[in-house]
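Reader: I would like a close look at a single part of this chain, the largest nonpolar core. Please describe what builds it and how it sits within the rest of the chain.

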Amino acid sequence: MKQIFSKEAKIGLVTIVSLVLLYFGINYLKGVNLFKPVNHYEVEFDNVNGVTISSPVYVEGFKVGLVREIRYDYEKMDKIIVDVSLDEKMRINKGSYITIVNSFLGGAELHIHLNKYVDDYLKPGDRVEGRMGEEMMQSVQEKILPSVEAMLPKIDSILVGLQALVNHPALRQSLEHVERTTSNLEISTRRLNALMERDVPGIVADLKKITNDFSEVSGELKDLNLQQTFDHVNATLANLKVTTEKFNSTDNSLGLLLNDRALYDNLNSTAGNASKLLLDLREHPKRYVHFSVFGKKESSK
């Protein structure tokens with residue numbers, strides 16, 4: 001059978017396919033999707049420290065593209081052009097700019113700052129203004145380090161105070177008191193547990209018995225004719241009221257005796273006279289006996 005391709009043609013075809021696969025593989029590892037439609041823009045920077053090919057491009061923290069190419073502008077001699085490829089749907093407003101942000105661990109990222117106040121958009125291939133973002137280490141040196149330096153004397157004073165506090169005898173005594181208190185609390189807890197296990201069941205049983213007795217008493221009270229008892233009490237109170245009214249009235253003997261002042265005075269006078277008579281009888285008994293005997297003699301004659 002006659003061969004369609006020669007040995008040299010097969011080698012050439014394999015080589016071409018290998019190169020194509022290598023090209024696609026390298027771009028895939030870089031994060032470049034050759035089959036995805038993109039728009040290219042040029043960004044002009046004074047310094048691209050940390051930026052490499054395949055550095056990510058973000059807008060509002062969302063990745064929208066990659067750096068495709070970095071080249072030096074030999075005409076201006078002080079500018080570096082960075083070619084970025086963005087998603088096809090990603091459009092850049094006029095007046096927007098792109099900054100380089102260096103991360104703390106190394107490397108750099110490009111961040112798009114959109115001018116959302118205009119509706120005019122750049123066309124693919126147009127040049128975008130590039131600005132240098134604030135470097136992480138520079139920010140640390142300019143903002144954080146001075147604050148740390150200002151805090152060092154205060155931290156030193158705080159450490160000295162803490163050392164003095166730790167070495168103070170009162171702290172040791174307080175810790176000993178806390179230890180004793182904890183020990184006493186543990187003993188109290190054990191006693192409380194023993195009390196709960198030994199006495200509480202009996203108390204609960206007594207309470208249950210009292211509750212049952214109270215329930216029985218409540219049932220008995222419920223069966224009593226309380227209305228009849230209340231009627232008797234009301235009748236007794238009414239009779240007591242009538243009696244009291246009679247005591248206070250002058251239309252009866254007892255009322256007159258209690259309320260008539262003249263009768264009281266007469267009784268008091270009579271009692272006084274009787275007292276005087278008894279006193280005179282005790283002091284002069286012959287006077288009364290003489291008249292009595294004399295009277296008897298005349299009667300006998």
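Author: Helices and strands here are DSSP runs, with at least four residues for a helix and at least two for a strand, numbered from the N terminus. On that basis the chain, a predicted model, has eight helices and seven strands.

The largest nonpolar core has 22 residues, and the members that touch the most others are Phe45, Val57, Val84, Leu86 and Leu110. At least two core residues come from each of these strands: S1 (38-45), S2 (56-59), S3 (62-73), S4 (79-87), S5 (97-102) and S6 (108-113). S4 gives the largest share, four residues.

Leu86 can be taken as an example. Leaving aside residues up to four places away in sequence, Leu86 touches Val38, Asn39, Tyr41, Val57, Val64, Gly65, Ile92 and Ile112. In soluble globular proteins, nonpolar side chains tend to be buried together.

For the chain as a whole, 15% of the 301 residues count as buried, that is, under 20% relative accessible area. Among contacts between residues at least 6 apart in sequence, 58% join residues at least 24 apart. The accessible surface is about 24,100 Å², and carbon and sulfur atoms account for 60% of that surface.

Nonpolar side chains also appear on the surface. Val148, Met151, Leu152, Ile155, Ile158, Leu159, Leu162 and Leu165 make a nonpolar surface patch of about 730 Å². One of these patch residues, Leu159, lies in helix H2, which covers residues 136-167.

Methods
Residues are numbered from 1 along each chain as its sequence is written. This is a predicted model: local features need pLDDT of at least 70, side-chain atom pairs count only at pLDDT 80 or more; totals for chains, interfaces and linings use all residues. Side-chain values use heavy atoms; hydrogens and water are left out. A nonpolar core is a set of buried Ala, Val, Leu, Ile, Met, Phe, Trp, Tyr and Cys residues joined through side-chain atoms within 4.5 Å. Buried means under 20% relative accessible area, exposed over 50%, partly exposed in between (1.4 Å probe, protein chains only). Contact means heavy atoms within 4.5 Å. Accessible areas come from the Shrake-Rupley method with a 1.4 Å probe; for residues, only the protein chains shown count as cover. Patches are made of residues with over 30% relative accessible area and no salt bridge: like charges are joined within 9 Å, nonpolar side chains (Val, Leu, Ile, Met, Phe, Trp, Tyr) within 5 Å. A salt bridge is a side-chain nitrogen of Lys or Arg within 4 Å of a carboxyl oxygen of Asp or Glu.
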